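Colleague: I should like to learn how to read the features of a structural model in an orderly way. Might we begin with the overall layout and then proceed to single residues?

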Amino acid sequence: DQAGSATFAANAQAHVGVLRSLGPADVRVGEVDGEYCPGEFSINVAGTAKVVGSAQRVTARAALFSTVVQVEMSAAVREVIERVSAALGYPLRTSSIAGLADVVPDLTVAEVADAFRADYRARLGLADGPLPERVVAHARGATEAGTSDLPFHVDDWARAHPLPVADTV
């Protein structure tokens, strides 16, 4: 839908700005040929290697936008991507798998996390403060259910335990 595409596009452009501030100047939005989990709003370096992917979930009352930023691409993560792609029958160009540290070797996870945290805080007008106790209790319920009732599916739990709109943050 158009609203979803607009959210992806806006966040992708913001993420490109964050990444450029950290060093990799040739950061772009767009799918890379043969990338894992292909997406129109993937973020890549020089059009060759994916370093950021995003996903969103939209329901009638809420939306979740999530981003995975690969800072250090470990051999174990690379192997999982390769195996999953093969199992799903997806064509994968292994050279499309990269982390930001492949481009900016001295870049740390903490630096990347701090830069994204600052960006989200500025763009969303976030401030420090406590969560309402009902929200904390609600989240605690999901955590407790997840540890004793495996496999745990957060979507199923959230549908079965809706938090009233007036009580959300």
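Modeller: Let us begin with the order of the elements. From the N terminus, the protein chain runs α-β-β-β-β-α-α-α-α, and its elements comprise 5 helices and 4 strands. Please bear in mind that this is a predicted model.

Colleague: What share of the 169 residues is buried?

Modeller: Buried residues account for 30% of the 169 residues in the protein chain. As for contacts between residues at least 6 apart in sequence, 55% of them join residues at least 24 apart.

Colleague: How should I read the sheet, and in what order do its strands lie?

Modeller: The general idea comes first. Strands of a sheet pair through backbone hydrogen bonds, in either a parallel or an antiparallel sense. Here, 4 strands form an open sheet in the order E1-E2-E3-E4, and the pairing is antiparallel. Strand E1 (27-29) and strand E4 (63-69) are the edge strands, each pairing on one side only. From one strand to the next, the twist averages 15°.

Colleague: Over how many bridges do E3 and E4 pair?

Modeller: Strand E3, residues 49-58, pairs with E4 over 7 bridges in the antiparallel sense. To follow the register, take Ala55, whose bridge partner in E4 is Ser66.

Colleague: Lys50 is also found in strand E3. Is Lys50 buried or exposed?

Modeller: Lys50 counts as buried because its relative accessibility is 2%, and the cut-off for that class is under 20%.

Colleague: Which side chains make polar contacts with the side chain of Lys50?

Modeller: One polar contact, of 3.3 Å, joins the side chain of Lys50 to that of Glu35. Another, also given as 3.3 Å, links the side chains of Lys50 and Ser42. Beyond its neighbours within four places in sequence, Lys50 is in contact with several residues, including Val32, Tyr36, Cys37, Asn44, Ser96 and Ala98.

Colleague: How does one look for pockets, and what volume has the second largest pocket?

Modeller: Rolling a probe the size of a water molecule over the atoms shows where empty space is left. In this model, the second largest pocket has a volume of about 440 Å³. Its lining consists of 25 residues, and those nearest its centre are Tyr36, Cys37, Lys50, Gly53 and Ser54. At least two lining residues come from each of E3, E4 and helix H2 (75-88).

Colleague: Cys37 has now appeared twice. What is the sign of its phi, and where is Cys37 placed?

Modeller: Cys37 has a positive phi of about 45°, although it is not a glycine. Its place is in the loop between E1 and strand E2 (43-45). Cys37 is exposed, with a relative accessible area of 57%. Ala46 offers a further case: this residue, other than glycine, has a positive phi near 60°. Ala46 is found in the loop between E2 and E3 and is partly exposed, at a relative accessible area of 32%.

Colleague: Let us close with a helix. Which residues does Ala14 touch, not counting those up to four places away in sequence?

Modeller: Ala14, which lies in helix H1 (residues 2-22), touches Asp119 and Arg123. Although Ala14 and Arg123 are 109 residues apart in sequence, their C-alpha atoms are 8.9 Å apart in space. Ala14 is buried, with a relative accessible area of 14%.

Definitions and conventions
Residues are numbered from 1 along each chain as its sequence is written. This is a predicted model: local features need pLDDT of at least 70, side-chain atom pairs count only at pLDDT 80 or more; totals for chains, interfaces and linings use all residues. Side-chain values use heavy atoms; hydrogens and water are left out. Two strands pair if DSSP finds at least two bridges between them. Axes are lines fitted to C-alpha atoms, for helices over the stretch in contact, and angles run from 0 to 180 degrees between N-to-C directions. Buried means under 20% relative accessible area, exposed over 50%, partly exposed in between (1.4 Å probe, protein chains only). A polar contact is a pair of N or O atoms within 3.5 Å; within protein, one must be able to donate a hydrogen and the other to accept it, and residues adjacent in sequence count only if both atoms are side-chain atoms. Contact means heavy atoms within 4.5 Å. On a 1 Å grid over the protein atoms alone, a cavity is a set of points where a 1.4 Å probe fits but cannot get out, and a pocket is an open set with protein on both sides within 12 Å along at least five of seven lines; lining residues have an atom within 4 Å of a point. Grid points are joined across faces, edges and corners, and a volume is the space filled by probe spheres set on the points.
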